[in-house]
Amino acid sequence: MAITDKIYVKNHRQIASQLETSIPKGAFSGATLDILYQGDGLAKLDDATRDRVLEFAEDFLDCDCEANPHCGHPEEKFVDYLLELRAQGLGPDAIVDVMGDDYMLYAYPGDILSFLDDSVRTLEAVEALADVDENGAMADRARRLRQDLVR
Ligand SMILES: [Zn+2]
């Protein structure tokens with residue numbers, strides 16, 4: 001399962017009752033993207049919730065793809081956001097706090113930790129393959145990204 005399948009909407013019950021319809025807990029579930037972030041439910045949300053929902057839509061759902069928001073870009077952008085927070089030196093607990101403040105989302109710190117570990121291992125593999133291929137630029141890039149994640 002991708003990390004974006006483990007990102008949840010905070011106050012999910014409260015939001016569902018404001019929207020007067022049930023939505024899945026997963027922020028990236030198809031129905032959540034459609035109802036909470038794209039639909040006309042926005043007007044029914046209280047101000048604090050609406051601000052966060054709009055932030056999320058602006059930051060992650062802003063591509064022009066025909067299939068938007070089901071084109072995969074929102075998930076890719078969110079993964080970049082997580083890696084960026086890690087590169088700023090934040091640990092899993094702090095990352096969960098920040099996504100709560102920014103977008104009213106939550107995740108389990110253990111899931112974030114495994115995601116970061118997987119990312120480091122993927123970069124190690126990329127680095128090793130690039131070394132074999134004598135692709136110095138690629139190897140350097142992977143090494144720098146990895147060092148940002150583990151420092
Ligand atoms: Zn897209």
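Which residues does Phe 115 touch, not counting residues up to four places away in sequence? In this predicted model, Phe 115 touches Ile 3 and Leu 82. Phe 115 lies in helix H6 and counts as buried because 21 C-beta neighbours fall inside 10 Å, where 20 or more are required. Ile 3 is 112 residues away from Phe 115 along the chain, yet their C-alpha atoms are separated by 6.4 Å.

**Overall layout**

The protein chain contains 7 helices and 2 strands. Read from the N terminus, the order of elements is β-α-α-α-α-α-β-α-α. The C-alpha trace spans about 55 × 35 × 25 Å along its principal axes. Of the 151 residues in the chain, 23% are buried. Among contacts with a separation of 6 or more, 44% are between residues 24 or more positions apart.

**The nonpolar core**

The largest nonpolar core has 22 residues, and those touching the most other members are Ile 7, Val 9, Leu 36, Leu 82, Ile 95 and Ile 112. Two or more residues of this core come from each of H2, H3, H4, helix H5 (92–103) and H6. In soluble globular proteins, nonpolar side chains tend to be buried together.

Ile 112 is in contact with Pro 92, Ile 95, Val 96 and Ala 107, leaving aside its neighbours within four places in sequence. Ala 107, found in the loop between E2 and H6, is buried, since 20 other C-beta atoms lie within 10 Å and the cut-off is 20 or more. Not counting residues up to four places away in sequence, Ala 107 touches Lys 6, Ile 7, Tyr 8, Val 96, Met 99 and Ile 112. Ala 107 and Val 9 are 98 residues apart in sequence, and their C-alpha atoms are 8.8 Å apart in space.

A further pair that is separated in sequence involves His 70, which is placed in the loop between H3 and H4. His 70 is partly exposed, with 14 other C-beta atoms within 10 Å. From His 70 to Gly 30 the C-alpha distance is 7.2 Å, and the two are 40 residues apart in sequence.

The table lists these pairs by sequence separation and C-alpha distance.

| Pair | Separation in sequence | C-alpha distance |
|---|---|---|
| Phe 115 and Ile 3 | 112 residues | 6.4 Å |
| Ala 107 and Val 9 | 98 residues | 8.8 Å |
| His 70 and Gly 30 | 40 residues | 7.2 Å |

**Helix H5**

H5 has 12 residues, which at 1.5 Å a residue should span 16 Å; the end C-alpha atoms are 16 Å apart, so the expected and modelled values agree. Which residues of H5 are buried? They are Pro 92, Ile 95, Met 99 and Tyr 103. These four cover an arc of only 55° around the axis, and therefore lie on the same side of H5. An α-helix has 3.6 residues a turn, so residues three or four places apart point the same way. Asp 93 and Asp 101, on the other side of H5, are exposed.

The buried residues of H5 are covered by elements that include H3, H4, strand E2 (105–106) and H6. Two of these buried residues, Pro 92 and Ile 95, are among the contacts of Ile 112, and Met 99 is one of the residues that Ala 107 touches. H5 is followed by Met 104, which has a positive phi near 60°.

**Backbone exceptions**

Most residues other than glycine have a negative phi, and most peptide bonds are trans. Besides Met 104, with its phi near 60°, positive values occur at Glu 20 and Glu 134. Phi of Glu 20 is near 60°, and this residue is found in the loop between helix H1 (12–19) and helix H2 (30–38). Phi of Glu 134 is near 55°, and Glu 134 is found in the loop between helix H6 (109–132) and helix H7 (136–150).

Are these two glutamates buried or exposed? Glu 20 counts as exposed because it has 8 C-beta neighbours inside 10 Å, where 12 or fewer are needed. Glu 134 also has 8 such neighbours and therefore counts as exposed.

Where the peptide bond is concerned, Asn 68 and Pro 69 are joined in cis, with omega about 5°. Pro 69 is found in the loop between helix H3 (47–60) and helix H4 (73–87), the loop that also holds His 70.

Methods:
Residues are numbered from 1 along each chain as its sequence is written. This is a predicted model: local features need pLDDT of at least 70, side-chain atom pairs count only at pLDDT 80 or more; totals for chains, interfaces and linings use all residues. A nonpolar core is a set of buried Ala, Val, Leu, Ile, Met, Phe, Trp, Tyr and Cys residues joined through C-beta atoms within 7 Å. Two residues are in contact if their C-beta atoms, placed from the backbone, lie within 7 Å. The expected span of a helix is 1.5 Å times one less than its number of residues. The arc is that of the directions from the helix axis to the C-beta atoms.
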